[in-house]
Amino acid sequence: MRTDKEKQEFSERLKTALAVSAPKVLTTSDVEIQFNLRHPNEPVSTQAVHKWLTGQNIPTLEKIETLAEWLNVSTEWLRTGVEPTTSESSLNSLEMMLLKQFRQLSKHQQILVMEVMNNFVA
């Protein structure tokens with residue numbers, strides 16, 4: 001049995017991954033449609049997705065794997081919040097998503113983003 005805290009933490013990680021996904025997924029119905037297009041087994045309902053996003057339920061590992069692949073995050077991070085230890089990269093899933101999006105920007109846009117980030121760090 002999963003605790004309410006675990007459910008809420010999963011919900012926050014899922015919302016974070018969705019927030020930085022491209023293209024943006026705006027509604028529960030969008031998540032349902034995009035998930036069902038990718039998941040090879042039984043489809044999920046809008047109500048099931050709503051429960052994931054509101055911290056009422058956590059999907060099965062099989063569904064988490066589909067979500068992770070779709071959203072370009074590690075299954076382990078989405079499931080537990082912990083990055084798997086690998087020698088390949090020291091970046092976590094959120095940093096990888098940020099880097100992927102940053103690389104799609106023009107040079108001018110990249111400079112602007114760096115200036116904004118510098119203001120937050122300073």
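This passage describes helix α1, the salt bridges and a nonpolar surface patch in a predicted model. Residues are numbered from 1 along each chain as its sequence is written, and side-chain values use heavy atoms, with hydrogens and water left out. Local features need pLDDT of at least 70 and side-chain atom pairs count only at pLDDT 80 or more, whereas totals for chains, interfaces and linings use all residues.

Helix α1 (residues 4-19; helices are DSSP runs of H or I, at least four residues, numbered from the N terminus) has end C-alpha atoms 22 Å apart, in agreement with the 22 Å expected for its 16 residues at 1.5 Å a residue, the expected span being 1.5 Å times one less than the number of residues. Its buried residues (under 20% relative accessible area, 1.4 Å probe, protein chains only; exposed is over 50%, partly exposed in between) are K7, F10, S11, R13, L14, A17 and L18. These cover an arc of only 165° around the axis, which puts them on the same side of α1, the arc being that of the directions from the helix axis to the C-beta atoms. The face turned away from this buried side carries the exposed residues D4 and K5.

Four salt bridges are found in the whole structure, each a side-chain nitrogen of Lys or Arg within 4 Å of a carboxyl oxygen of Asp or Glu. Among them, E9 pairs with K5 at 3.5 Å between the closest N and O atoms, and both residues lie in α1, four residues apart. E12 pairs with K15 at 3.3 Å, and these residues, also both in α1, are three residues apart.

How values were computed:
Helix = DSSP H or I, 4+ residues; strand = E, 2+ residues; numbered from the N terminus.
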